[in-house]
Amino acid sequence: MKERGELHHDPNAPEGESLGPDFWAGAKIEPPRKPRSVHLKLDPEVFDFFFEEAKGKGHLTQMQNVLKAYVKAKRRA
């Protein structure tokens, strides 16, 4: 984005509010988690559904989003 000139910095922008010591006292530092690369077999109708919905691009992201929603729903249950 920087190379395309899409990043803009306003030196006069106001600073955000401080989070304060109470926030930082309870903060927990966790290292970033990298996504895992997996290989799986899908039924053709499952793959075709997502591929057609995404018109060929972004179908794996759509599958990921469905799986994330499933995990979130199961954790709430």
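Here is a quick tour of a pocket, a buried histidine, some aromatic pairs and one unusual backbone angle. Keep in mind that this is a predicted model.

**The largest pocket**

Let's start with the open space. The largest pocket holds about 920 Å³. It has 19 lining residues, and the ones closest to the centre are P35, R36, V38, Q64 and L67. Who supplies the wall? Helix 2 (44–53) and helix 3 (59–76) each put in at least two residues, and helix 3 has the largest share, with eight. As for chemistry, the lining splits into 11 nonpolar residues, five charged ones and three polar ones.

**H59 and its neighbours**

H59 sits in helix 3. Is H59 buried or exposed? Its relative accessibility is 13%, and the cut-off for buried is under 20%, so H59 counts as buried. Leaving aside residues up to four places away in sequence, H59 touches F47, F50, F51 and A54. One of those contacts, F50, is itself buried, also with a relative accessibility of 13%.

**Aromatic pairs**

How many aromatic pairs does the structure hold? There are three, and two of them, both edge-to-face, are worth a look here. F23 pairs with W24, with 4.8 Å from centre to centre and 90° between the planes. The rings of F49 and F50 have centres 5.3 Å apart, and their planes also lie at 90°, so this pair is edge-to-face too.

The four ring residues come out like this for accessibility:

| Residue | Relative accessibility | Class |
|---|---|---|
| F23 | 43% | partly exposed |
| W24 | 56% | exposed |
| F49 | 47% | partly exposed |
| F50 | 13% | buried |

So the F49 and F50 pair joins a partly exposed ring at 47% to a buried one at 13%. In the other pair, F23 is partly exposed at 43%, while W24, at 56%, is over the 50% cut-off and therefore counts as exposed.

**An odd backbone angle at K55**

Last stop: the loop between helix 2 and helix 3, which is where K55 is found. What is its phi? It is positive, about 55°, although K55 is not a glycine. Why does that stand out? Most residues other than glycine have a negative phi. K55 is also exposed, with a relative accessible area of 74%. That makes a handy contrast with H59 in helix 3, which is buried at 13%.

Notes:
Residues numbered from 1 in each chain as written. Predicted model: local features only at pLDDT ≥ 70, side-chain atom pairs only at ≥ 80, totals over all residues. Heavy atoms only, no water. 1 Å grid on protein atoms, 1.4 Å probe; cavity = no way out; pocket = protein on both sides within 12 Å on 5 of 7 lines; lining within 4 Å. Points joined across faces, edges and corners; volume = space filled by probe spheres on them. Helix = DSSP H or I, 4+ residues; strand = E, 2+ residues; numbered from the N terminus. Nonpolar A, V, L, I, M, F, W, Y, C, P; charged D, E, K, R; others polar. Buried < 20%, exposed > 50% of the residue type's maximum accessible area, 1.4 Å probe, protein only. Contact = heavy atoms within 4.5 Å. Phe/Tyr/Trp six-rings, centres within 6.5 Å; stacked < 30°, edge-to-face > 60°.
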